[in-house]
Structure formats: structure tokens, C-alpha cells
Amino acid sequence: MSYVDDTALELAQKAFAEAKASGEAKIVEDIGELLGASSQSLQESYLTFVRVLRAEERARKMLAESAAKRGD
């Protein structure tokens, strides 16, 4: 990956962790806005990783719920 992608992924992961730890989900969006004010490229990559992380979280939850229904 490029420096921008590496940085965006790291920031997205840290933002998700902070949102979970603090209960303040808005921090993820706030960081996106902050990035957009100075680097549109970094913001776009960050927002892509945010969508990917959210999709992953939903998919893993669905898989866990399916496994729980089967008794696994």
C-alpha cells in the first residue's frame, strides 16, 4: 500500500478503537472532516477504510449470530 493508504488505515483503526472505548462514535466522522480540511486524498482513503471496517464488523456479527443459532 501507499503511505496515504497505510496512514488512512491506521487512523481508521485507531478511530474505531477510540469510538468503542469512549462510546463516542462521532469521533470517526470528526476525524474524517479534519482530514478533509487539509488532505482530500487522505480523507478519501480514510473514509474508504471506515466503510470497509464497518462492513467487516457487520459481516462478522452476522456470522457469529448464525453460528450461535446452530449452537457452535
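Here are legends for a set of close-up views of this predicted model.

Residues are numbered from 1 along each chain as its sequence is written. Because the model is predicted, local features need pLDDT of at least 70 and side-chain atom pairs count only at pLDDT 80 or more, while totals for chains, interfaces and linings use all residues, and side-chain values use heavy atoms, with hydrogens and water left out.

**View 1. The whole chain is built from three helices and zero strands.** Read from the N terminus, the elements run α-α-α. Helices here are DSSP runs of H or I with at least four residues, strands are runs of E with at least two, and both are numbered from the N terminus. The C-alpha atoms fill a box of roughly 50 × 30 × 15 Å along the principal axes. The radius of gyration is 15 Å, whereas a compact globule of 72 residues would have one near 11 Å; the value is taken over C-alpha atoms, and the globule rule is 2.2 Å times the number of residues to the power 0.38.

**View 2. The surface of the protein has an accessible area of about 5300 Å².** Carbon and sulfur atoms hold 57% of that area, which comes from the Shrake-Rupley method with a 1.4 Å probe; for residues, only the protein chains shown count as cover. Of the 72 residues, 22% are buried. Buried means under 20% relative accessible area, exposed means over 50%, and partly exposed lies in between (1.4 Å probe, protein chains only).

**View 3. Alanine 15 sits in helix 1, residues 3–22.** With 2% relative accessibility, alanine 15 counts as buried. Setting aside neighbours within four places in sequence, alanine 15 is in contact with Ile27, Val28, Ile31 and Tyr46, where contact means heavy atoms within 4.5 Å. If you look for leucine 47 as well, its C-alpha atom is 11 Å from that of alanine 15, and the two residues are 32 apart along the chain. Across the protein, among contacts between residues at least 6 apart in sequence, 57% join residues at least 24 apart.

**View 4. Aspartate 30 and lysine 26 form a salt bridge within helix 2, residues 26–38.** The N to O distance is 2.6 Å; a salt bridge is a side-chain nitrogen of Lys or Arg within 4 Å of a carboxyl oxygen of Asp or Glu. The partners are four residues apart, about one turn of the helix. Aspartate 30 is partly exposed at 33% relative accessible area, and lysine 26 is exposed at 51%.

**View 5. Arginine 54 and glutamate 29 meet in a salt bridge, with their closest N and O atoms 2.4 Å apart.** This pair links distant parts of the chain: arginine 54 belongs to helix 3 (residues 40–70) and glutamate 29 to helix 2, 25 residues apart. Both ends are partly exposed, arginine 54 at 30% relative accessibility and glutamate 29 at 34%.

**View 6. Glutamate 56 and arginine 60 make a salt bridge inside helix 3.** Their closest N and O atoms are 2.8 Å apart, and the residues are four apart in sequence, about one turn of the helix. Glutamate 56 is partly exposed at 34% relative accessibility, while arginine 60 is exposed at 55%. A search of the whole structure finds five salt bridges.
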